[in-house]
2 protein chains.
Amino acid sequence: MFTLAEENYLKTIFHLEHDSMCEVTTNAIAESIETKPSSVTDMVQKLAEKKMLTYKRYKGVQLTEEGKKVAAGVVRKHRLWEVFLVEKLHFHWDEVHEIAEQLEHIQSEELITRLDQFLGSPDFDPHGDPIPDKHGVLKRTEKKLLSEIEKNEQGVCVGVKESSPEFLQYLDKKKISIGTKISVLGKEFFDGSMIIQVGTEQFFISIKIAENLYVQTS
Amino acid sequence: MFTLAEENYLKTIFHLEHDSMCEVTTNAIAESIETKPSSVTDMVQKLAEKKMLTYKRYKGVQLTEEGKKVAAGVVRKHRLWEVFLVEKLHFHWDEVHEIAEQLEHIQSEELITRLDQFLGSPDFDPHGDPIPDKHGVLKRTEKKLLSEIEKNEQGVCVGVKESSPEFLQYLDKKKISIGTKISVLGKEFFDGSMIIQVGTEQFFISIKIAENLYVQTS
DNA sequence: AATTATTTTTAGGTTTAACTAAAAATATAA
DNA sequence: TTATATTTTTAGTTAAACCTAAAAATAATT
């Protein structure tokens with residue numbers, strides 16, 4: 001069994017490994033978790049002793065297979081709870097992160113099995129992120145950033161890269177959510193800005209928006 | 001905001017006050033919470049400073065109005081989650097306590113408001129215990145112990161006093177749950193044992209059973 | 001290659017909530 | 001009432017997870 005702090009470290013390192021695709025540094029963890037590098041060193045040494053990750057002084061860390069499994073379990077719980085909050089309790093997708101951050105630490109295999117069933121074994125959370133299965137395996141999707149889509153092509157929104165309330169609220173105002181069809185009508189070479197169509201509305205978006213929206217083209 | 005430990009102390013003292021109807025002793029708290037009396041003294045002093053209870057050395061404690069409100073809030077969360085686990089996830093009523101013990105500490109007003117709505121604002125948890133409203137007010141019911149029922153009277157099961165898995169499983173085997181009608185066909189003066197009827201079945205129960213089952217007669 | 005800057009670790013301290021052991025207060029019994 | 005027993009508190013430790021400040025290792029510049 002793991003403490004709340006240990007679970008948070010494992011989860012954070014799991015995400016950082018996915019993002020950076022290489023060893024995760026002490027500073028990166030510290031920033032992510034909003035703590036000091038010295039605290040990270042402490043915890044990382046503890047997790048190394050528990051064989052959850054490999055650690056060489058000054059060289060960063062890497063999750064072991066076991067560590068990945070534990071971390072994926074926490075992510076699975078987080079995302080299943082997010083689905084519950086949005087689908088069943090009708091929370092807005094920008095309100096659920098904090099609460100799921102707490103719920104992800106509830107310990108009960110059976111609870112998660114039943115929650116998963118209750119929700120119809122969803123594959124994705126309300127932000128479009130994949131939910132690991134009970135063995136920690138992630139379904140990989142071939143999603144692209146909207147910024148990679150060419151003029152006159154179109155895609156379906158499947159997720160966001162950034163998930164700050166501000167961004168999610170912007171998307172909401174523009175009536176963009178998971179499943180929304182987006183057509184690229186025009187693209188400015190100079191700054192990457194676009195004219196897109198969502199439903200019957202056409203409007204301008206900056207590169208910053210386009211680089212934080214995932215779409216599936218198929 | 002309160003720590004997990006603080007919430008557990010407040011909740012425990014709240015329950016003990018209801019049971020004993022007088023000041024709650026250090027030892028009673030220690031036993032309930034499975035900790036040492038010295039640890040209780042520490043925490044109780046801390047909670048007294050926070051004005052959650054009044055404390056005089058060697059004299060026990062009493063919750064303040066504020067303390068009662070906080071404690072009732074934790075109990076409300078616990079019991080709402082129990083309803084969720086039984087009604088929505090189809091857990092058995094003897095499996096939910098431990099999980100609710102964790103869920104009761106999730107911090108989010110909005111979550112509980114919505115959970116309550118989602119469950120149809122239930123008044124009682126799966127064990128028949130009343131759920132405090134959002135202001136901490138408990139609906140009082142005039143329930144009696146089955147052992148107080150006379151021969152040839154009957155009542156409807158509304159709750160249990162003890163809620164150990166063993167007891168709940170016994171009740172289950174005998175097909176007794178919340179709402180079950182129980183008729184007292186015979187009562188032995190010597191040891192308090194009874195012959196009761198549940199559905200079409202008639203059987204013998206000891207005083208130990210009868211003293212742990214609440215029924216409503218009306 | 002030597003210096004400077006950055007990153008990471010070590011060493012030592014703080015807080016929370018537990019613990020043990022001993023002292024003090026209260027309650028019970030002779 | 002004195003002696004004994006029980007309950008409660010105090011004093012001093014421990015462990016987890018954080019912190020600061022200083023030292024050590026690594027990386028970047030000149």
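Visitor: Which elements each supply at least two residues of the surface near DNA strand C?
Guide: Chain A contributes through helix H2 (26-33) and H3, and chain B through helix H1 (4-20) and H3. Helices here are DSSP runs of H or I with at least four residues, strands are runs of E with at least two, and both are numbered from the N terminus. A residue is near a strand of DNA if one of its heavy atoms lies within 4 Å of it.

Visitor: Before going on, what sort of model is this?
Guide: It is a predicted model, in which local features need pLDDT of at least 70 and side-chain atom pairs count only at pLDDT 80 or more, while totals for chains, interfaces and linings use all residues. Residues are numbered from 1 along each chain as its sequence is written, chains are lettered from A and ligands numbered from 1 in the order in which they are written, and side-chain values use heavy atoms, with hydrogens and water left out.

Visitor: How many residues surround DNA strand C, and which are the closest?
Guide: There are 20, and the closest are Tyr55(A), Thr3(B), Thr35(B), Ser39(B) and Lys46(B). Of the atoms of DNA strand C that come within 4 Å of the protein, 76% belong to sugar and phosphate.

Visitor: What lies 2.4 Å from the side chain of Tyr55(A)?
Guide: A phosphate oxygen of DNA strand C is at that distance from an N or O atom of the side chain. This is a polar contact, a pair of N or O atoms within 3.5 Å. Thr26(A) places a polar side-chain atom 2.9 Å from a phosphate oxygen of DNA strand C, and for Tyr9(B) the distance is 3.4 Å.

Visitor: And DNA strand D: how many residues surround it?
Guide: DNA strand D has 21 residues around it, the closest being Thr3(A), Thr35(A), Ser39(A), Lys46(A) and Tyr55(B). Side-chain N or O atoms of Thr3(A) and of Thr35(A) come 2.6 Å from a phosphate oxygen of DNA strand D, and Arg57(B) has a polar side-chain atom 3.2 Å from one.

Visitor: Where does the largest share of that surface near DNA strand D come from?
Guide: H3(A) provides it, with five residues. By class, the surface near DNA strand D has seven nonpolar, ten polar and four charged residues. Ala, Val, Leu, Ile, Met, Phe, Trp, Tyr, Cys and Pro count as nonpolar, Asp, Glu, Lys and Arg as charged, and the others, Gly among them, as polar.

Visitor: Which rotation superposes chain B on chain A?
Guide: One of 180° with 0.0 Å of shift along its axis, at an RMSD of 0.2 Å. That is the relation of a two-fold axis. Within chain B, Leu103(B) has the C-alpha nearest the axis, 3.8 Å from it. The fit is by least squares on the C-alpha atoms of residues with pLDDT of at least 70 in both copies.

Visitor: New topic: which residues have the most contacts inside the largest nonpolar core?
Guide: Leu146(A) and Leu146(B) do, in a core of 74 residues. Such a core is a set of buried Ala, Val, Leu, Ile, Met, Phe, Trp, Tyr and Cys residues joined through side-chain atoms within 4.5 Å, where buried means under 20% relative accessible area (1.4 Å probe, protein chains only). Apart from it lies another core, of 22 residues, including Ala30(B) and Met43(B).

Visitor: What does Leu146(B) touch?
Guide: Beyond residues up to four places away in sequence, its partners include Ile182(B), Val184(B) and Met194(B), with contact meaning heavy atoms within 4.5 Å. Met194(B) is also in contact with Phe204(B), which sits in strand S7 (residues 201-205) of chain B.

How values were computed:
Buried < 20%, exposed > 50% of the residue type's maximum accessible area, 1.4 Å probe, protein only. Polar contact = N/O pair within 3.5 Å; in protein donor to acceptor, adjacent residues only side chain to side chain.
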